[in-house]
Amino acid sequence: MSTSTSPELAAPHPLKAGDSFPDGVKFTYVPYTPEKEAITSCGVPQQFNASQEFANKKAVLVAVPGAFTPGCSVRHLPGFIDHLSEIKSKGVDVVAVIAFNDPWVMSAWAKANGIKDEILFMTDIDIRFSKDIGWTKGDRAGRYAVIIDHGKITYAQNEPGGDVTVSGVDAVLKAL
């Protein structure tokens with residue numbers, strides 16, 4: 001699967017259990033460092049090759065329409081923070097949250113929630129990944145959750161409406 005947004009590409013390919021995680025998927029994030037711990041500190045964004053990183057790990061990837069938004073900050077993200085140890089106890093190596101926001105906003109959102117490096121807060125660059133799988137909300141990433149186990153999708157659900165159901169922590173924990 002290409003991560004280009006060229007109009008000549010084939011139709012989006014929604015993910016489903018049994019699929020391989022697509023090749024070429026890259027996100028951007030600002031890694032946590034103690035010297036840049038303050039919410040107003042800006043680290044240096046780095047590329048995260050999700051295809052490569054998820055090939056040999058168990059990962060939970062959660063997409064939200066936007067950092068600091070009410071639905072994302074109040075109804076979606078808190079469950080993953082509150083149940084992080086339970087998620088990790090099921091063999092999950094990486095928990096990542098993606099949105100269309102730039103990497104500095106995602107870093108600030110992590111810091112505002114007291115997250116250091118336990119959850120990766122990353123940018124879906126130009127929402128390429130979300131567009132490629134057809135799970136967007138206008139010009140933003142959609143609200144969805146994907147479980148990847150050593151490169152294979154075991155769970156992939158896009159929210160059918162405006163609530164947090166199939167992409168929430170309860171659904172993800174049940175699928176793990």
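This is a short walk through the structure, from model confidence to a hairpin, the nonpolar cores and the aromatic pairs.

The model is predicted. Its average pLDDT is 93, and 94% of the residues score at least 70. Residues 1-8 fall below 50. That stretch still has 16 contacts in the model beyond near neighbours in sequence. Where pLDDT is low, the predicted coordinates should not be read in detail.

Now take the hairpin. Strand E8 covers residues 144-149, and strand E9 covers residues 152-158. The two run antiparallel, joined by six bridges. In this pairing, alanine 145 of E8 faces glutamine 157 in E9. Two residues lie between the strands. Histidine 150 sits in that turn, with a positive phi of about 50 degrees.

Next, the interior. The largest nonpolar core has 26 residues. Within this core, Val60, Ile87, Trp109 and Phe121 touch the most other members. Several elements each give two or more residues: strands E3 (58-63), E4 (94-99) and E8, and helices H2 (70-82), H3 (84-89), H4 (103-112) and H6 (169-175). H6 supplies the largest share, four residues. The E8 strand of the hairpin is thus also on this list of contributors. Another core lies apart from this one. This other core has 24 residues, among them Ile98, Phe129, Ile153 and Ala156.

Tryptophan 109 deserves a closer look. Leaving aside residues up to four places away in sequence, tryptophan 109 touches Val64, Gly66, Ala67, Phe68, Cys72, Ser73, Leu77, Val97 and Phe121. Two of these contacts, Phe68 and Phe121, return below as ring partners.

The structure holds nine aromatic pairs. One of them joins phenylalanine 68 and tryptophan 109. Their ring centres are 6.3 Å apart, and the planes meet at 50 degrees, a tilted arrangement. Phenylalanine 68 is in the loop between E3 and H2, while tryptophan 109 is in helix H4, 41 residues apart. Why does phenylalanine 68 count as partly exposed? Its relative accessible area is 45%, and the partly exposed class lies between the buried limit of 20% and the exposed limit of 50%. Tryptophan 109 counts as buried because its relative accessibility is 1%.

Tryptophan 109 also pairs with phenylalanine 121. This pair is edge-to-face, at 5.5 Å centre to centre and 85 degrees between the planes. Phenylalanine 121 belongs to strand E5 (residues 120-123), twelve residues from tryptophan 109. Both partners are buried.

Elsewhere, ring pairs link Phe21, Phe27, Tyr29, Phe48, Phe54, Phe129, Trp135 and Tyr144 into a cluster. Of these, Phe129 is also a member of the 24-residue core.

Conventions: Residues numbered from 1 in each chain as written. Predicted model: local features only at pLDDT ≥ 70, side-chain atom pairs only at ≥ 80, totals over all residues. Heavy atoms only, no water. pLDDT = per-residue confidence, 0-100. Contact = heavy atoms within 4.5 Å. Pairing = 2+ DSSP bridges. Core = buried A, V, L, I, M, F, W, Y, C linked by side-chain atoms within 4.5 Å. Buried < 20%, exposed > 50% of the residue type's maximum accessible area, 1.4 Å probe, protein only. Phe/Tyr/Trp six-rings, centres within 6.5 Å; stacked < 30°, edge-to-face > 60°.
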